[in-house]
Amino acid sequence: MDKKLTDSEIVKALECCTKREHQCCNDGECPLFYKTVTYSECRWKLLKETTDLINRLQAENERLKKAYQRCAWERDMLMEQNAYN
C-alpha cells in the first residue's frame, strides 16, 4: 500500500472489521481490503494505520493541552494586570 489512508478511511476499515464474516470486505466497502492481498495482510496494515492514527491524535491532544495552558496563563496574567490598573 503506497498511499496512507485518511483518518476517515481508517475508521471505516475498522468498522468493516467489526462486521461478521468479513461482510464489508466481500461487499467492497472496506477502503483497505482491496489494496491488500490477504485478510492477514489487511489486518496487519490496518493495525499499523490505526496505531499511526492514535499516535497522531495523542500528539495533537498534547499540543492542544499545552496551547490551552498557555492561553490560560496569558488570561490569568491579563486579569492580574487589570486588577492592578
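## T50 and the α1/α3 contact

Setting aside neighbours within four places in sequence, T50 touches I10 and L14. Bear in mind that this is a predicted model. T50 itself sits in helix α3, which covers residues 39-84. Its relative accessibility is 14%, so T50 counts as buried, the cut-off being under 20%.

Now for the helix on the other side. Both I10 and L14 belong to the α1 side of the contact with α3, and T50 is among the α3 residues they meet. Here is who takes part on each side:

| Helix | Residues in the α1/α3 contact |
|---|---|
| α1 | D7, I10, A13, L14, C17 |
| α3 | R43, L46, E49, T50, L53, R56 |

Sorted by class, that contact holds six nonpolar, one polar and four charged residues.

How do the two helices lie against each other? The axes of α1 (residues 7-17) and α3 come within 10 Å, crossing at roughly 130°. That angle makes α1 oblique to α3, and the crossing is left-handed.

Which residues of α1 are buried? They are I10, A13 and C16. These residues span an arc of only 120° around the axis, so they lie on the same side of α1. What do they pack against? The buried residues of α1 pack against α3 and also against α2, residues 23-27.

Back to where we started: I10 is one of the buried residues of α1, and I10 is also in contact with T50, a residue that is itself buried.

Methods
Residues are numbered from 1 along each chain as its sequence is written. This is a predicted model: local features need pLDDT of at least 70, side-chain atom pairs count only at pLDDT 80 or more; totals for chains, interfaces and linings use all residues. Side-chain values use heavy atoms; hydrogens and water are left out. Helices (H or I, at least four residues) and strands (E, at least two) are DSSP runs, numbered from the N terminus. Buried means under 20% relative accessible area, exposed over 50%, partly exposed in between (1.4 Å probe, protein chains only). Contact means heavy atoms within 4.5 Å. Axes are lines fitted to C-alpha atoms, for helices over the stretch in contact, and angles run from 0 to 180 degrees between N-to-C directions. Angles under 35 degrees count as roughly parallel, over 145 as roughly antiparallel, 65 to 115 as roughly perpendicular and the rest as oblique. A crossing is left-handed if the near helix is turned anticlockwise from the far one by less than a right angle, and right-handed if clockwise. Ala, Val, Leu, Ile, Met, Phe, Trp, Tyr, Cys and Pro count as nonpolar, Asp, Glu, Lys and Arg as charged, and the others, Gly among them, as polar. The arc is that of the directions from the helix axis to the C-beta atoms.
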